[in-house]
Amino acid sequence: MNMTFRWYGRDNDTVTLDHVKQIPGVKGIVWALHQKPVGEVWEKEEVKAEMDYIKSFGFHGDVVESVNIHEAIKLGNEDRDLYIEKYKQSIRNLGEVGVKVICYNFMPIFDWTRTEMYKELPDGSTALFFEKAKVENQDPQELIDTVASASDLTLPGWEPEKMARIKELFAAYESVSEEDLWENLGYFLNEILPVAEEAGIKMAIHPDDPPWTIFGLPRIMTGRESLEKLLSISDSSSNGITFCTGSLGASPKNDMVALAAEFAHKSPFAHIRNVKIYENGDFIETSHLTSDGSINIKGVVKELSDIQYEGYVRPDHGRHLWGEVCRPGYGLYDRALGIMYLHGLWDAYQASK
């Protein structure tokens, strides 16, 4: 288990790499060029500068999250080949500086979706919250306004330039079915996977968050069948999964321990976090502690331990603790606590062998 920590850059994060160095056992930084417009090539000089900075603190930068995919590729329109070629060049440039995994997603328009950024928990901490009925009954613009007002820092998947085109994008997706989206994903992967193999990079798709339809938009990475279908698109060694317990686990239909047993070997990257699911379909993010949420984190880590998982792991979204002012879900303290919990589980399972 190669422990990592997601970081948003020198001028774009309340957490510094000096802070991260003080968390025991963190080997790498999960990074991206977050200020880069979606669809543009990540140039050699840019990626080298970021990688050199990360390495100067003693970390590896093996994992990039995310090289976001332009909507033209998801829509499969006449511009997709142009953006696929740019994506290929970004893969090549990242491979040259030693990147081993690229996390990406194929969610139309919206990335992760939450209705409240700082919902208070019983212990006084706050966390990201999803109110299902609110999403089903509100205008998408209300959600955009909620997310935009939550932080002055970048929020991946909610880029202002994309949100400004929201009506145009919704109109474009009116004729796109789940089958169409699968076809467009297959086209994209068949184009880029040979390039990824040559660059020594594994592509790891992130599940939809949450794993169901939002505002009538097609969602396809939602559970076991979709993970299986994704892997059937290509047997390339570069075709893989980002195993996210919080995204898939938001649906009670998904048994995360069983999915870990089946798919961990095809997941070069794992996000481990906990959520508490309510009977009405709402959910809130909790501490990583198994008993605090609805996901059997202990069981997931045991499955990883049983196969001597050597992939990259990071704590995912954390609560906001002790008055910390930070990007929603991405403070220092709770993610550090999560890392120590995951280390403790791993060490205990390894010792029991």
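## Exercises on strands and helices

Ile205 stands opposite Ile241 in β8. The model is predicted.

**Exercise 1.** Find which strand joins β8 through three bridges, and state how the two run.

Solution. Step one: β8 covers residues 239–244, and three bridges link it to β7, residues 202–205. Step two: β7 and β8 run parallel.

**Exercise 2.** Place these strands in the open sheet and name the strands at its edges.

Solution. Step one: the sheet has eight strands in the order β2-β1-β12-β9-β8-β7-β4-β3, with parallel pairing. Step two: β2 (28–30) and β3 (63–65) each have a single partner strand, so one side of each lacks a neighbour in the sheet and they stand at the edges. Step three: from one strand to the next, the twist averages 30°.

**Exercise 3.** Determine which strands α4 touches, and how α4 lies against α9.

Solution. Step one: α4 packs on the sheet and touches β3, β4 (101–104) and β7. The direction of α4 makes about 145° with that of β4. Step two: α4 (residues 80–96) and α9 (residues 178–199) pack at about 25°, their axes 9 Å apart. Step three: angles under 35 degrees count as roughly parallel, and α4 and α9 are therefore roughly parallel to each other. Step four: the contact includes Ile84, Tyr87 and Ile91 of α4 and Phe188, Ile192 and Val195 of α9. Its residues divide into nine nonpolar, two polar and six charged.

**Exercise 4.** Describe the pairing of β5 with β6.

Solution. Step one: β5 (residues 116–120) and β6 (residues 126–130) pair in the antiparallel sense over three bridges. Step two: Lys119 has Ala127 of β6 as its bridge partner. Step three: five residues lie between the strands of this hairpin, and Gly124 in the turn has a positive phi of about 95°.

Notes:
Residues numbered from 1 in each chain as written. Predicted model: local features only at pLDDT ≥ 70, side-chain atom pairs only at ≥ 80, totals over all residues. Heavy atoms only, no water. Axes fitted to C-alpha atoms, helices over the stretch in contact; angles between N-to-C directions. Helix = DSSP H or I, 4+ residues; strand = E, 2+ residues; numbered from the N terminus. Parallel < 35°, antiparallel > 145°, perpendicular 65-115°, else oblique. Contact = heavy atoms within 4.5 Å. Nonpolar A, V, L, I, M, F, W, Y, C, P; charged D, E, K, R; others polar. Pairing = 2+ DSSP bridges.
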